[in-house]
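Here's a quick briefing to read alongside the model. Have a look at the structure first, then run through the points below.

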Amino acid sequence: MYIRYEVADRIATITLDRPEAANAQNGELLDELDAAWVRAAESDDVAVIVLRAEGKHFSAGHDLNDKSWPDPRTITLDRIYSLESRRYLEYSLRWRNIPKPSIAAVQGRCIAGGLLLCWPCDLIVAAEDALFSDPVVLMGIGGVEYHGHTWELGARKAKEILFTGRAVTAEEAQQVGMVNTVVPRAELDDRTRELAARIAAMPAFGLRQAKRAVNQTLDVQGFFAAIQSVFDIHQTGHGNALSVTGYPVLVGMDEMKANIK
């Protein structure tokens, strides 16, 4: 319903296909997306995975009107923790560790939960109009569930975007190493495809080992342990919301929605 999957020339292209909602992520979209990642991982015909999005924006993040969430009158922290452990933390970590190179092609807004889709990819190609942000401090939460901010941006830049809620431009993201290449919007798909084709021509075993070496190095430095522990910090935001205002948290939601135009 929300994801397109195509394979050609040993490149699997996974497309977010909910442009009318700026590719906001409800439960169904995330489940379909995970199934597409697993399909590409298990296919002998796929050497490289490309994640892209239809429409003006890559992703507006989590769908704040997702009907798959429980009734706010009955929701508990235990329920939130279980849902987010699977659909946000587990999915993103699985995509990160799939033993095939992956490339995210990002245009327009990539907000909060949108980062959980592109950060697990090995490479990011960004259109010149791409803007990356995580404004969930407005909702009383310290950052999205897969807390890659410090690893992707460096500590001070991570604090800056969290404290202010402002967006990082594609050029800034490239300067700090979060983005590999910035290209004109009209060239995003073609340039991403060219990069994928170049990688697909490399020996598959060598690619797998190179990816494992880099990811393992990050894990030795503490990446995996940090992601797990900061997920629990994220949950304290939900706990605070439940104890103070009930769930869902509405404070700051209008400001977040204003980011999408």
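**Trp 151 and the rest of the fold**

Trp 151 has a relative accessibility of 34%, so it counts as partly exposed, which sits between the under 20% cut-off for buried and the over 50% cut-off for exposed. Keep in mind that this is a predicted model. The protein chain carries 10 helices and 9 strands.

**Around Trp 151**

- You'll find Trp 151 in helix α4, which covers residues 149–153.
- Setting aside neighbours within four places in sequence, Trp 151 touches Leu 218, Gln 221, Gly 222, Phe 223 and Ala 226.
- Thr 181 is 30 residues away from Trp 151 along the chain, and their C-alpha atoms are separated by 18 Å.

**Overall dimensions and packing**

- A compact globule of 261 residues would have a radius of gyration near 18 Å, and the protein chain agrees because its own value is 18 Å.
- Along the principal axes, the C-alpha atoms of the protein chain fit a box of roughly 55 × 40 × 35 Å.
- Of the 261 residues in the protein chain, 51% are buried.
- Take the contacts in the protein chain between residues at least 6 apart in sequence: 74% of them link residues at least 24 apart.

**Surface and charge**

- About 12,200 Å² of the protein chain is exposed, with 54% of that coming from carbon and sulfur atoms.
- On the charge side, the protein chain has 28 positive and 35 negative side chains. The centres of those two sets lie 2 Å apart.

**The β1–β2 hairpin**

- Strands β1 (residues 3–8) and β2 (residues 11–16) run antiparallel and are joined by 6 bridges.
- One bridge pairs Ile 3 with Leu 16 in β2.
- The hairpin leaves 2 residues between β1 and β2, and Asp 9 in the turn has a positive phi of about 55 degrees.

**The three-stranded sheet**

- Another piece to look at is an open sheet of 3 strands in the order β5-β7-β8, with mixed pairing.
- Strands β5 (109–111) and β8 (168–169) are at the edges with a single partner strand each, so each has one side without a neighbour in the sheet.
- Strand β7 (residues 131–133) pairs with β8 in the antiparallel sense, over 2 bridges.
- Phe 132 has Val 168 in β8 as its bridge partner.
- As general background, strands of a sheet pair through backbone hydrogen bonds, in either a parallel or an antiparallel way.

Technical notes. Residues numbered from 1 in each chain as written. Predicted model: local features only at pLDDT ≥ 70, side-chain atom pairs only at ≥ 80, totals over all residues. Heavy atoms only, no water. Helix = DSSP H or I, 4+ residues; strand = E, 2+ residues; numbered from the N terminus. Rg over C-alpha atoms; globule rule 2.2 N^0.38 Å. Buried < 20%, exposed > 50% of the residue type's maximum accessible area, 1.4 Å probe, protein only. Contact = heavy atoms within 4.5 Å. Areas by Shrake-Rupley, 256 points an atom, 1.4 Å probe, with all protein chains shown as cover. Lys, Arg positive; Asp, Glu negative; His and termini not counted. Charge placed at Lys NZ, Arg CZ, Asp CG, Glu CD. Pairing = 2+ DSSP bridges.
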